[in-house]
Protein chains: 2
Amino acid sequence: MPNGLDEQDAAADRDPQPGVTPGPGPLMAIGGAEDKLGKRTVLASFVEHAGGEHARIAVVPTASSLGPEVVEVYDALFRKLGAADVIAARPETREEANDPGLVARLDTVTGIFMTGGNQLKLSAVISGTAFGDAIKAAHERGVVVAGTSAGASIQSSHMVAFGPGGQTPKQRMTQVAAGLGLVDSCVIDQHFGQRNRYGRLLMIVAQSPSLLGIGVDEDTAAVITHTGGEDLLTVEGRGAVTIFDGRAIVSNAHEARKTAPLLASGVVMHVLPEGSVFDLTERRLVRQQAEVDPSEAEELAVAGRDLRRLARDIAAGDVSPTQLRRRRARQHPEGERA
Amino acid sequence: MPNGLDEQDAAADRDPQPGVTPGPGPLMAIGGAEDKLGKRTVLASFVEHAGGEHARIAVVPTASSLGPEVVEVYDALFRKLGAADVIAARPETREEANDPGLVARLDTVTGIFMTGGNQLKLSAVISGTAFGDAIKAAHERGVVVAGTSAGASIQSSHMVAFGPGGQTPKQRMTQVAAGLGLVDSCVIDQHFGQRNRYGRLLMIVAQSPSLLGIGVDEDTAAVITHTGGEDLLTVEGRGAVTIFDGRAIVSNAHEARKTAPLLASGVVMHVLPEGSVFDLTERRLVRQQAEVDPSEAEELAVAGRDLRRLARDIAAGDVSPTQLRRRRARQHPEGERA
């Protein structure tokens, strides 16, 4: 990492790394259990974002209790998906997370992948350390930072610490800790549909209506990009991303008894399947072209041609209604189209 | 039941039945598994609505595959809770549901309770029969109509027929059938939190945004009353009632592939615990007095008295700041309150 202004300027003048676009890189918050044997939509997208054949990926398995085994799995997967290189960076204590040698491993990567496990362990080990800062710096210089499960939760400024599943939000059912802050003003939850985490995410939004609640299903990614001053969230993968916007909420979160169901009235919800784009700044769906049915489009084009022909015929005054009917019958024999 | 206009007028002139308030009666949509051994909040409320010691209750166990056994349980419960009389009315075929003798059993009741089971069976047997009409007529003349589980679903104009649990709304995961229509423009789902039915209720709202989605948790009732031209929903019991308002929805429900997650953006959600009141016509929470902390109120009252005393003293010009400090110290020795 640069030590002074001169070196930073020099770094800015250097050509960007192959596989990295200058400016803040994309974030991928993956809801856990991403497909590893089939279409691998989410993992392939990550390798692509990391530069494809130029990808040099650091796997951070700190959240997991199975460090080397987890790295082995992702090493094989990312190489199979075309990545040039995969390295491990596994601080297990805050001391290790401040070790310059370990931190330097992130200097040349084009992608960082944080595995699942326990997000409180991940946060306890790396938040506020040189290693945590290096992940943020890598994100700032264009590196894609992805995380699955615990590795997704830690990306936001506010992190779900833990808490049970269940649909109904209840007082004190979950707790918030500080995440890495790669994205502000939101809280990311994962295994969302599969572990029934509506309640705990709603509880957080009820207590902290300034935070946007983002729930990511398994084998699904919320891909956050910063382009032209806009923070956009695009959904990739098999499930959905659910968003709770509590700006207009009416709640009793400041006075409800422990374990009591919470009042949370007026929450605006967005359930977003693959391909949806959501504007995180304006907190609204980016409308997309409606799908066009090709047979309907063709029929409309034919009708348009017929109408222009009819107009020409009428203008020329050379056609009787009977002639017109006969000509049309020749052009479109009955029953040709429904 | 009255056969002609004269008899209807005569009926209108008669005193209302004891335990029945004239005008449409309350509806109670209970989310299933209502407490039968402990506080029995929901069942006690039903007996109360039915007239308490004047209550004469018809149990309709048609949805259930265990007719007499179910009646026995509710018979014992309602009598224990103070009801004067409990009868069974169990049509098992549409023929029976058109039998005048069976239908007449509802003429003198003050409450109707539809048990759980299979709502499609209940709807298939009673919808559009004399028995179904008699339930509606009873509701119109002020009788409370309650139903738990299947008996809750059938009350609305549109009924969830069946479908799996799961949080993410997916295309064709559930189906709608016609309910009794005691309440219009909504669809009621039950065992809502416990069986994770967000997805299927959202799918229905995405396809039919004119319907308000109402999900009722177990041991919880959505009590719908019609007063002063307003339809109000009040929550009773241990869980919450969740409402999905799709008026502003953006959805791809008309074109999504089968089993694909649905786009449902801009749904306004209300999670309502016990005591909440929701205006079904305006589709908004009825704001209630905030709870007042008694110690805070007392402190404020004391401060108000002190200030008035101070103003009098200043107006009289008979007090120095030092005297005032001493007097206040005598009145409120340090540490008396936090």
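Me: Before I look at how the chains meet, what counts as a contact here?

Reply: Contact means that heavy atoms lie within 4.5 Å. With that rule applied to this predicted model, 34 residues of chain B touch 34 residues of chain A.

Me: How should I read the size of such an interface, and what area is buried between chain B and chain A?

Reply: Interface size is often expressed as the accessible area lost when the parts come together. Between chain B and chain A about 2600 Å² is buried, and carbon and sulfur atoms give 56% of that area. On the side of chain B, the residues B:Gln167, B:Met269 and B:Val271 supply 23% of the area that chain B buries against chain A, more than any other three residues.

Me: Which polar features should I look for across the interface of chain B and chain A?

Reply: The rule finds 12 residue pairs in polar contact across this interface, both residues of each pair being at pLDDT 80 or more, whereas the count of salt bridges between chain B and chain A is 0.

Me: How are the two copies related in space?

Reply: In general, two copies of a chain are related by a rotation about an axis and a shift along it. Here a rotation of 180°, with 0.1 Å of shift along its axis, superposes chain B on chain A with an RMSD of 0.1 Å. The two copies are thus related as by a two-fold rotation axis. Within chain B, the residue that comes closest to this axis is B:Val268, whose C-alpha is at 2.2 Å.

Me: Why can one say that the copies meet through the same surface?

Reply: Because 100% of the interface residues of chain B are also interface residues in chain A, the copies meet through the same surface.

Me: Which aromatic residues form one cluster?

Reply: The cluster draws on both chains, with A:Phe192, A:Tyr198 and A:Phe244 joined by B:Phe192, B:Tyr198 and B:Phe244. Over all chains, the count comes to 17 aromatic pairs.

Me: Is A:Cys186 buried or exposed?

Reply: A:Cys186 counts as buried because its relative accessibility is 3%, and B:Cys186 is likewise buried, with a relative accessible area of 3%. The structure holds 0 disulfides over all chains.

How values were computed
Residues numbered from 1 in each chain as written. Chains lettered and ligands numbered in written order. Predicted model: local features only at pLDDT ≥ 70, side-chain atom pairs only at ≥ 80, totals over all residues. Heavy atoms only, no water. Least-squares fit on C-alpha atoms with pLDDT ≥ 70 in both. Disulfide = S-S within 2.5 Å. Buried < 20%, exposed > 50% of the residue type's maximum accessible area, 1.4 Å probe, protein only. Phe/Tyr/Trp six-rings, centres within 6.5 Å; stacked < 30°, edge-to-face > 60°. Buried area = accessible area lost by both parts, 1.4 Å probe. Salt bridge = Lys/Arg side-chain N within 4 Å of Asp/Glu carboxyl O. Polar contact = N/O pair within 3.5 Å; in protein donor to acceptor, adjacent residues only side chain to side chain.
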